[in-house]
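Please examine the following structure with attention to its sheets and to the helices that lie against them.

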Amino acid sequence: MGCGLRLAHPTGRALRDLWEPGRVTGFPRALLRVLVRSGRSVRCPDPRDLAVLSPEEKARARRFREPRRAAAYAAAHAAARRCLGERLGSPAGEIHFGRRPCPGCGKPDHGRPVVDWPRTSWESSLSRSGPHWLFAAADGVRIGVDIERVRPVSLNTLSSAVLSEAERDYLADIEPYLRQAAFIRCWTRKEAVVKASGIGIEAILSQIDVQPWEPRAVVEHRVAGCPTVTWAIRDLPAGPGYSASLALPAEAQPLLDFGRDRGAPSPTDIAVAQEATQWRPPPPVRVRTARPTP
Ligand SMILES: [Zn+2]
């Protein structure tokens, strides 16, 4: 053993062992691998995305009037399929999604989305805002993500419905120009929790205290039929002008995996395509031509 710095886990194992799952034994708790995928769609639906959607998803994509909205929908759902498909050893296009009944009212049409086939203990969550999408999946635990564009909202109208008293105090204390972004960050944190618990839009958001002054929050949120009561929330990197959050059971020790899935469009290609679609040819220069001489 050399005299260099050796990073060690409190149990005495080298940090290196954490990254070789086959060698990890005897840790107090296993790390939970959380797959996180995000992206931005281009102006028109990518045929590679449409190819892996279910017939229902393809029909939904066709119903969008604007091609860029169809592209955003197709890109997000195709990405979710690719990520789960690779994990579950199933072609992306053959995964069946369904829903669990809503824990609030029991109706089957707006509960938590789940994978019905292949049978799996993997849970996942998908969110979209404009051209941006965010997806996360983990095995055996409830998970929720949300991404929102930071946009002007009426704080006077929405604060009392959405924010807790402590959150309203926080917004009142910070510089006015930061309040919209702080509000949206609270919103994404709350949405991530209610998506994970399965109650969704029926939750009373002002009762979920997401501690926006903390880089990571631990919150209590109890929903019938959900085994998790205490949730850990963290903000995720999002595009400029966007806010994103992830919620997981508080006892989980997540290892976030921001990898890429087979068949997914390359982020570099997307950036280049974005630039190309924003490029406009310069207006034609009008040249006064001399009248032909008779
Ligand atoms: Zn309901």
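The paragraphs below proceed from the overall composition to the two sheets and then to a pair of helices.

This is a predicted model, in which local features need pLDDT of at least 70 and side-chain atom pairs count only at pLDDT 80 or more, while totals for chains, interfaces and linings use all residues. Residues are numbered from 1 along each chain as its sequence is written.

The protein contains 7 helices and 10 strands; these are DSSP runs numbered from the N terminus, with helices being H or I of at least four residues and strands E of at least two. Of its 294 residues, 33% count as buried. A residue is buried if 20 or more other C-beta atoms lie within 10 Å of its own, exposed if 12 or fewer, and partly exposed in between, with C-beta atoms placed from the backbone. Among contacts between residues at least 6 apart in sequence, 61% join residues at least 24 apart, a contact being defined by C-beta atoms, placed from the backbone, that lie within 7 Å.

One open sheet consists of 4 strands in the order 6-9-8-7, with antiparallel pairing; two strands pair if DSSP finds at least two bridges between them. Its edges are strand 6 (144-149) and strand 7 (216-220), each of which pairs on one side only. From one strand to the next the twist averages 25 degrees. Angles such as those given for helices and strands here run from 0 to 180 degrees between N-to-C directions, and axes are lines fitted to C-alpha atoms, for helices over the stretch in contact.

Beginning at strand 6, 6 bridges join it to strand 9 in an antiparallel arrangement, and Asp146 stands opposite Ser245 of strand 9. Because 5 of the 6 residues of strand 6 are buried, this strand is largely enclosed by the rest of the structure. Strand 9 (residues 242-249) is in turn joined by 6 bridges to the antiparallel strand 8 (residues 230-236), where Leu236 faces Ala244 of strand 9. Strand 8 and strand 7 are antiparallel and share 5 bridges, with Val219 partnered by Trp231 of strand 8.

In a regular strand the side chains alternate between the two faces of the sheet. Along strand 7, Ala217 and Val219 point to one face and are buried, whereas Arg216, Val218 and Glu220 point to the other and are not. Helix 6 (residues 179-197) lies across strands 6, 7, 8 and 9, at about 150 degrees to strand 6.

Another open sheet of 4 strands has the order 4-5-1-10 and mixed pairing. Strand 4 (122-129) and strand 10 (253-257) stand at its edges with a single partner strand each, so one side of each lacks a neighbour in the sheet. Here the twist averages 20 degrees from one strand to the next. Strand 4 runs antiparallel to strand 5 (residues 132-139) and is joined to it by 8 bridges; Ser127 stands opposite Leu134 of strand 5. Helix 3 lies across strand 1 (31-40), strand 4 and strand 5, at about 20 degrees to strand 5.

Helix 3 (residues 67-88) also meets helix 2 (residues 55-63): their axes come within 8 Å and cross at roughly 155 degrees. That angle makes helix 2 roughly antiparallel to helix 3, under a scheme in which angles under 35 degrees count as roughly parallel, over 145 as roughly antiparallel, 65 to 115 as roughly perpendicular and the rest as oblique. The contact is made by Glu57, Arg60 and Ala61 of helix 2 and by Ala70, Tyr73, Ala74 and His77 of helix 3.

Note on methods: Two residues are in contact if their C-beta atoms, placed from the backbone, lie within 7 Å.
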